[in-house]
There are 4 protein chains.
Amino acid sequence: MARLTEDANGVYIIALTPFTDTGALDLDSTDRMIDFYLDRGATGLTVLGMMGEAQKLTTEESQTYVRRTLKRVDGRVPVIAGVSSGGFAPMKTLTDMIMGEGAAGVMIAPPPTLRNDQQIVGYYQQAADFLGDVPFVLQDFPLVTSVTIPVSVIQTIIDQVPTCVCLKHEDWPGLSKITALRKAAETHGKRRISILCGNGGMFLPEEMARGADGAMTGFAYPEMMRDVVRFQREGDLARAQDIFDAYLPLARYEQQPGLGLSIRKYIMAKRGAIASAALRKPGASLSKDDIYEIERLIERQTERLQELGQ
Amino acid sequence: MARLTEDANGVYIIALTPFTDTGALDLDSTDRMIDFYLDRGATGLTVLGMMGEAQKLTTEESQTYVRRTLKRVDGRVPVIAGVSSGGFAPMKTLTDMIMGEGAAGVMIAPPPTLRNDQQIVGYYQQAADFLGDVPFVLQDFPLVTSVTIPVSVIQTIIDQVPTCVCLKHEDWPGLSKITALRKAAETHGKRRISILCGNGGMFLPEEMARGADGAMTGFAYPEMMRDVVRFQREGDLARAQDIFDAYLPLARYEQQPGLGLSIRKYIMAKRGAIASAALRKPGASLSKDDIYEIERLIERQTERLQELGQ
Amino acid sequence: MARLTEDANGVYIIALTPFTDTGALDLDSTDRMIDFYLDRGATGLTVLGMMGEAQKLTTEESQTYVRRTLKRVDGRVPVIAGVSSGGFAPMKTLTDMIMGEGAAGVMIAPPPTLRNDQQIVGYYQQAADFLGDVPFVLQDFPLVTSVTIPVSVIQTIIDQVPTCVCLKHEDWPGLSKITALRKAAETHGKRRISILCGNGGMFLPEEMARGADGAMTGFAYPEMMRDVVRFQREGDLARAQDIFDAYLPLARYEQQPGLGLSIRKYIMAKRGAIASAALRKPGASLSKDDIYEIERLIERQTERLQELGQ
Amino acid sequence: MARLTEDANGVYIIALTPFTDTGALDLDSTDRMIDFYLDRGATGLTVLGMMGEAQKLTTEESQTYVRRTLKRVDGRVPVIAGVSSGGFAPMKTLTDMIMGEGAAGVMIAPPPTLRNDQQIVGYYQQAADFLGDVPFVLQDFPLVTSVTIPVSVIQTIIDQVPTCVCLKHEDWPGLSKITALRKAAETHGKRRISILCGNGGMFLPEEMARGADGAMTGFAYPEMMRDVVRFQREGDLARAQDIFDAYLPLARYEQQPGLGLSIRKYIMAKRGAIASAALRKPGASLSKDDIYEIERLIERQTERLQELGQ
């Protein structure tokens, strides 16, 4: 299986983990969801992420789910898996399992205990030592991890840790980080790694214009990301932004902390990608009012896209 | 001067504090800014808030600024002032000064040390005791204060503290809180207080539909809030949402943590409301790329509003 | 195997997880350490806790370690295991494994996402539903979990969740919580659960006097806790405090955040309880100066205990 | 008035702010308290600190209190004042007032918004620019500020900001920071600044041995700090530690987060240094049980000191 490289681009979807209404792992929906993502332009998949309810799975379930995912993907696109952990031993065990099943790389968020530049660099050096030659994505998501990674630290990790091949950029929104990293590569000859952006796609046009290579997020309309990435690359910035704007009211709504995953699963179930919108416990559920608002936003979005000839 | 009541509604603008390029308080711009806000539909003003760089003013400057503001407003709309403080004595001194100048009420955010329901209720009871009959706005903004106030606690404060007449709602977005408070008033006969919403207006249509009375935020286009509030009230929800959607790409951009105030001041200076976009130190500044993106979003926004016949 | 009950008392040691110098699980040291604890007065053991580097173990290692521990203990004292987790499914899987091996109960810390009274109560109700009839310890440790649990919430959990049989008290130091819970039991007929205290034993005499049943912590001199608990119970408060005071300079030193576990392991290795003082990565290590200070404190402690005829 | 220099040493007491039972500033007690501190070995005073309830004072009260303090001190020892603030303008106004009254320097804690090395250095550079030639103490207290300052950042500030003449060391306990800073001065020719230690004196013997110049904290028995500093300097480490150990049970008790200031004021009132133990609101108060425990610890402390011939 091909490994993740610094050339990763396009739309790496943060995949859901589908459950049945009673909370069991739903493997049939897993197949259907993967096809749904790939049919709508996913160029990669990221599983076992924060929005994948990874922390609610048992070790055995994680393995079952990853195995099923890789079987269904069948080499069509690279699959990344989140392996963030409080310790390097369980991180390595999970990584070995995942890579053994055929994954392309792993993603590592910093533990919340890291509190300064040196500690962050040291952590990623140690992690990379443990994982050997496995390529990894550095997840920069301060809102959730509470670890702020200055761009100088990211650059140091790029300089010193060759297996760091991709940045999942979701410092909210931290556009200047993209600019700085690209400038370091272009002007100072630094290594250029892949930058894929998160935050539900809420800043994708600006991120692409700054030099990002694509998205790594889970917005329930992957076609938005596919089209924005495509038209940005083709230089049709107006078209990219028109499409983005049409999806923005719903993307904004889906981005609500605490409730976002429930909204995303509701839409994915409505679109037929998964059978049940249920989150595994503990998890939030939607009210009648929430659902009314989502339905209204979807209706308006459809109309707006028709106006745009999409 | 009329005092703030439970009937407060419309658009209470979180006012900027204008500085010159060298960081001095700019009182001429203060006058101009107030006219700008009132000309574009502000039904109230909130000064000395977090986005007003209140913590960067000396006591004397705060007084000068409030006095100038109240003189220029001249009773046309009510003026609220933020008085959040680590102690009740300075809170009371500032409140007395402000009310003496003719303000309509004050706004109080919880100190970050509060850690449970009982402490929060106790804090607002003590604060209200100190402030006497001065009406106040309860600011619910967990992202910044790190204090989460459950809706049951807000209801208890409404029940027990009669001078709490308004909620500045910016639990992100916490739409269910509005629904619960309105239901408590309508179904259980609880006191109905004003709910004005923050977060840069990013959820205003939904908030209004849930029962909010308006906005209390500082988006650089007050006319967006004015129109959304007006059309929502008139029952023309589609029109309200069309206008909202036209402003959303820029509203989203202005809502960036850390950079948002710089963006807001840039736009306000561009629109002629203030002379300088400068923040007082410590404060962020915009890059060339940031400004390019803002200009582009404004241009698209203007076009879209023309399409809508606005 | 007997299950944990509300009568738990004495010294429940938070057990270390011994590793070799190269980071492998050291099962021979595990045996030796258990004998060390039991010989020095442990009336129970708590494994897989925060100070047991639980998060650094793979699932398989956790099982191996728990199995070895239970075999060596061989029913002499009850064994509790930490099962805190981001999801109920992995929590249940770990619990089932542990209880199947013969443990007496589990310990659950609140996840850092809980932010108000109702959420905390709801979380423990859901957890208890998942775990069925397994008795559990509620860990109240705000310094690390960042979740503050008011005493009224603890009381509600006691009232509503019968499988909550013990409180691991380490709200720093929160002596008033013990007083309030005991008063509720004695005066208002509330259920009396076991209260065992943490924080390295730094407040043990006061905690016992307030109504605690013992200690649940890992100070490298279990005999301190044994003696303080014993003399407090026998009413010889002066003797209890004399002994406590003799150990306090070192207990204080061992309680340093970040470095504490390294200090504890150093002392345990020095005392012959484990073979290596090494922490698994990521973990701190001691400097020459640190070790000098520890040695000096131990020497003085020995002298002082001799003066006291201990 | 002499200014604070890199030679500051001995015991800089973090002074209380005395209030009457009804919460008014108590200036007579201020006089008495200052004499109390100076009679027991204070070589400096730090006012308007966190434990001085500075945030509960109005601007006018701060001035009144500082003026009274400086008048009573009358040049006998240097007086430092806390001026930490959300903005540089109010920080400068307070600093100018304080220095104008005759203070020797100011103390600055980092605002909680600082999140990486570069931001911390930048903040202190900007602050120093604003304050001109006023010498300042850098307060390193992560437990309260939530800003972790690596030793490399402290060293950079020492290198680049000549008005930083003293470190208030209370990274809990961060003994290795003292060692590293002293080594940098001795081995690498870096500037040697004063290091005075906080945390209630809980690690004073170790801190002195590592190279600290004294204490800057508010433990209600300044004579403990005076004697430990003196005997450490004279090389009588055993005597220093004996005295320290005698006070440790009470020092530990006084160090309780949330309750510590109430305990300290209780003891200071009991010792006759101030008239009332009252904190200004919002503030904790002691229970009957708390007071019983304090009295018992004082009694035992007195006995132990007599045994030691103190």
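Buried area is the accessible area that two parts lose on being put together, summed over both. Keep that in mind for the first view; everything here comes from a predicted model.

**View 1. Chains A and B share an interface that buries about 2700 Å².** Of that area, 53% sits on carbon and sulfur atoms. On the chain B side, the residues that give up the most area to chain A are Trp172(B), Arg252(B) and Arg300(B), and together they make up 24% of what that side buries. If you like to count residues instead, 31 from chain B touch 30 from chain A.

**View 2. Salt bridges link chain B to chain A.** There are twelve of them between these two chains. One to zoom in on pairs Arg300(B) with Asp242(A), where the closest N and O atoms are 2.7 Å apart. Arg300(B) is also one of the residues that lose the most area to chain A.

**View 3. Chain A lands on chain D after a half turn: a rotation of 180° does the job.** The shift along the axis is 0.0 Å, and the RMSD of the superposition is 0.0 Å. The two copies are therefore related as by a two-fold rotation axis. Look at the interface residues of chain A, too: 100% of them are also interface residues in chain D, so the copies meet through the same surface.

**View 4. Chains C and D together make a nonpolar surface patch of about 590 Å².** Chain C brings Met50(C), Leu143(C) and Val144(C), while chain D brings Met50(D), Met51(D), Leu143(D) and Val144(D). Helix α5 (142-145) of chain C and α5 (142-145) of chain D each supply at least two residues of the patch. Met50(D) comes from elsewhere in the chain, namely the loop between β2 (44-47) and α2 (59-73) of chain D. With a relative accessible area of 34%, Met50(D) is partly exposed, and because the cut-off for joining a patch is over 30%, Met50(D) clears it.

**View 5. Helix α11 (residues 260-270) of chain D is mostly covered.** Nine of its eleven residues are buried; among them are Leu261(D), Ile263(D), Tyr266(D), Ile267(D) and Met268(D). Charged side chains are on the buried list as well, including Arg264(D) and Lys265(D). What do the buried residues of α11(D) pack against? Their partners in chain D are the helices α1 (27-39), α10 (237-254) and α12 (288-307), plus strand β8 (214-217). Just past the end of α11(D), look for Gly272(D), which takes a positive phi of about 85°.

Key. Residues are numbered from 1 along each chain as its sequence is written. Chains are lettered from A and ligands numbered from 1 in the order in which they are written. This is a predicted model: local features need pLDDT of at least 70, side-chain atom pairs count only at pLDDT 80 or more; totals for chains, interfaces and linings use all residues. Side-chain values use heavy atoms; hydrogens and water are left out. Patches are made of residues with over 30% relative accessible area and no salt bridge: like charges are joined within 9 Å, nonpolar side chains (Val, Leu, Ile, Met, Phe, Trp, Tyr) within 5 Å. Accessible areas come from the Shrake-Rupley method with a 1.4 Å probe; for residues, only the protein chains shown count as cover. A salt bridge is a side-chain nitrogen of Lys or Arg within 4 Å of a carboxyl oxygen of Asp or Glu. Helices (H or I, at least four residues) and strands (E, at least two) are DSSP runs, numbered from the N terminus. Buried means under 20% relative accessible area, exposed over 50%, partly exposed in between (1.4 Å probe, protein chains only). Copies are superposed by least squares on the C-alpha atoms of residues with pLDDT of at least 70 in both. Contact means heavy atoms within 4.5 Å. Buried area is the accessible area (1.4 Å probe) that two parts lose on being put together, summed over both.
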